[in-house]
Amino acid sequence: MKNIIVGTAGHVDHGKTCLIKALTGMDTDRLKEEKKRGITIENGFADMICGDYNISIIDVPGHEKFIKNMLAGIGGIDLVLLVVGLDEGVMPQTVEHFNILKMLNIRKGIIVFTKRDLVDDEEWIELVKEDAKSLVEGTFMEDAPSIEVSAYDNFNIEELKQLIVENIDDSILKSDAKELFRLPVDRVFTIDGFGTVITGTLMEGTIRQGDDITVYPDGKVTKVRNLQVHNETVDTAFAGQRTAINLAGLKKEDIQRGSVLAAKDSLEPTMMVDVRMELFDDIDRSVVNNSRVHFYCGSSQALGKVVLMDRDTAEKGEVCYAQIRLEEAVAVKKDDRFIIRFYSPLITIGGGKVLEVSPSKHKRFDENVIKAMELKDKGDIKDIAELVIKEKSKYLFTKSYFAAKLRLGIGELDKILEILKEEDRISIIRRDYVVHSDYIKEICEFSCNVLKDYHDKNSLSEGINKEEFKSKISQKFRIFDSKMADEIISLAERQGSIKINAKSVSLAGFSVSYSPAMEAMKERIIKIYKDSRYEMPTVDEVLQTEKDQINARHIIDALINCGELVRLNYQYCIDKEAFDNALDKLKDKVRQNGRITLAEFRDIIGTSRKYAMEILDYLDNQKITQKVDDARILI
């Protein structure tokens, strides 16, 4: 069964509610005031099954005073019934509703001429049809089918049902990917014995009984206790269904119309959105920079101001890029459609498409900002993905973040990432974190500057200590995960600009270069350590043998980095050959006896207790040996 949302639109008292009752047998006016006044105030809902389609129908208010209620329900529809009463024809709210439909990018529609039983004048009927044709000319409904009906005597009602089915195709079906689950809330109430219940149109994704979900923008976490679709309890609800959800652990006051239920971490609550904004052709007002507006998206609404990016004033019919800065947080996604109304007087003036959620605050008339907005508006999804990854790399976000940001399922995103990876535009770290190649280049440039400065000051050192280098990178780029920092540094090495040694990092191609004087000094220091073997002098004692003690220290550090000396501690170093010999003798003894004492180790290397202890302490610190009682064992 495929799920479709059909919405109505049109002027007040043109028979939308009666039409739905004729189609479904259900009266969508549920409020006492609606019954009393004979008009729809709140959105109403009905359903019917036609062939393979499970069709939910939304009845929207037609009166101009209730446009905000209409906007809360119309956003998720797949097909619209544009209702025009044959007794009155096209009226002001017909025009306003249709302008809203165009702005919301609804792609399918049927013009339904109601009240056929009240009109006998064929000439008048033709005039009404011509007006409707003029209204939709050049729009998504220019070639839409039309039908005359009467809810009073059911004239053409069955034919309208068939027409609805004929105008459904796969292009308007929504994604059922679980990670995309999103339901804007349009009603909240309580039921004795059950608690809080919400209703809304399941815009995308799938939800199951028992699922944990998040209430945005507040971030409250709740669990699905029960699900209903078309007044029947179900285990699973799918995109395109009107859904009622009984929520666990939440009071009615914890959630309201405009809240959005969604999968964890799938939405970013935001007080700022980048948008492509379009103004209606028939308004008599301009939008100047910083104009205050009402912003409507899904079932949410908020006050905000429009910051125009490329002009000071937007006139009727114009399309431009803007940043809307809101006074309260909303939960929306890329490509969501929105409507804006003037703050005062409260008239509908236009709308558009969300390009970016939670953007940076932009400087006006910045060409780079405008180009980026244009790409997010018109670009290929692969190029948009690359741009978003490039902008967000410094925050080290995961694939799931970018999937939500780009409004894609994980499977769809993986295909795009694979292409970008093959083109060397991105890298994936620790299997899940995505960064742009420019971010790695930036790290490489910073690394090269750090290493060049180090080599200039320490020409006899093989390179900067690895941990010190990692600390500099982590602080500069705010990478607080040690393993993440290691992997990013490894990526930088693969770029060919740096080299990671056993204990140090250097510029690629760097090697220590000794002058004849320095070479002679190095040989003297090496001889001291080789001659002393296990009875090592302190570092200070070695330095005292040279006039140039600064370079003598650099040479000792270089010998340690290149592995010719082993640093036991801050006082003592030992010749590497002597150290290896001592370690081999220790291992042989332990293999024979299972353990070795300090005295035994002292005797087999032929030195004093003092020096034997220095070597054993080092081996303990390096987790090569472990002291047990008065002896050592191998770890």
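Start your tour by selecting Pro-345, which is found in the loop between β22 and β23. Helices and strands here are DSSP runs (H or I over at least four residues for helices, E over at least two for strands), numbered from the N terminus. The peptide bond joining Ser-344 to Pro-345 is cis, with omega at about 0°.

Before moving on, a word on what you have open: this is a predicted model, in which local features need pLDDT of at least 70, side-chain atom pairs count only at pLDDT 80 or more, and totals for chains, interfaces and linings use all residues. Residues are numbered from 1 along each chain as its sequence is written, and side-chain values use heavy atoms, with hydrogens and water left out.

**Stop 1: the barrel**

Now select β16, β21, β19, β18, β22 and β23. In that order, these six strands close into a barrel with antiparallel pairing. Two strands pair if DSSP finds at least two bridges between them. Ignoring direction, neighbouring strands of this sheet are turned by 40° against each other on average.

Zoom in on β18 (residues 291–297), which runs antiparallel to β19 and is joined to it by seven bridges. The two strands form a hairpin with two residues between them, and Gly-298 in the turn has a positive phi of about 60°. Pick Val-293 next: its bridge partner in β19 is Gly-304. Gly-304 in turn stands opposite Leu-326 in β21, so to speak a stepping stone to the next strand. Strand β19 (residues 300–308) and strand β21 (residues 319–330) pair in the antiparallel sense over five bridges. Along that pairing, Leu-308 has Ala-322 of β21 as its bridge partner.

**Stop 2: helices across the barrel strands**

Show helix α4 (residues 92–103). This helix lies across β16 (270–279), β22 (337–342) and β23 (348–357), and runs at about 140° to β22. Angles run from 0 to 180 degrees between N-to-C directions, with axes fitted as lines to C-alpha atoms, for helices over the stretch in contact. Then add helix α7 (residues 367–378), which lies across β16, β21 and β23 at about 90° to β21.

**Stop 3: two nonpolar cores**

Which residues have the most contacts inside the largest nonpolar core? Select Met-277, Phe-295, Ile-324 and Ile-340 to see them; the core has 53 residues. A nonpolar core is a set of buried Ala, Val, Leu, Ile, Met, Phe, Trp, Tyr and Cys residues joined through side-chain atoms within 4.5 Å. Buried means under 20% relative accessible area, exposed over 50%, and partly exposed in between (1.4 Å probe, protein chains only). Apart from this core lies another, of 24 residues, with Ile-55, Ile-57, Leu-163 and Ile-164 among them.

Go back to Ile-324 and display its surroundings. Leaving aside neighbours within four places in sequence, Ile-324 is in contact (heavy atoms within 4.5 Å) with Met-271, Met-272, Val-273, Val-275, Phe-295, Lys-305, Val-306, Phe-338 and Ile-340.

**Stop 4: a helix pair**

Select helix α1 (residues 16–24) and helix α6 (residues 157–166), which pack at an angle of about 85° with their axes 9 Å apart. That makes α1 roughly perpendicular to α6, a label for angles of 65 to 115 degrees. Leu-19, Ala-22 and Leu-23 of α1 make the contact with Ile-157, Leu-160 and Lys-161 of α6. By class, this contact has five nonpolar, no polar and one charged residues. Here Ala, Val, Leu, Ile, Met, Phe, Trp, Tyr, Cys and Pro count as nonpolar, Asp, Glu, Lys and Arg as charged, and the others, Gly among them, as polar.

**Stop 5: the open sheet**

Next, select β26, β28 and β27, an open sheet of three strands in that order with antiparallel pairing. β26 (464–465) and β27 (498–500) stand at the edges, each with a single partner strand, so one side of each is left without a neighbour in the sheet. Two bridges join β26 to the antiparallel strand β28 (residues 504–507), and Asn-465 stands opposite Ser-504 in β28. Add helix α11 (residues 437–457): this helix lies across β26, β27 and β28, running at about 95° to β28.

**Stop 6: backbone details**

Most residues other than glycine have a negative phi, and most peptide bonds are trans. With that in mind, try Pro-217, in the loop between β10 (212–216) and β11 (220–229). A cis peptide bond joins Tyr-216 and Pro-217, with omega about 5°.

Then visit Leu-396, which has a positive phi of about 55° although it is not a glycine. Leu-396 lies in the loop between α8 (381–392) and α9 (399–406). Is Leu-396 buried or exposed? Leu-396 counts as buried, at 13% relative accessibility.

Finish at Arg-431, in the loop between β24 (426–429) and β25 (433–436). Arg-431 also is not a glycine and has a positive phi, of about 70°. With a relative accessible area of 76%, Arg-431 is exposed.

Technical notes:
Angles under 35 degrees count as roughly parallel, over 145 as roughly antiparallel, 65 to 115 as roughly perpendicular and the rest as oblique.
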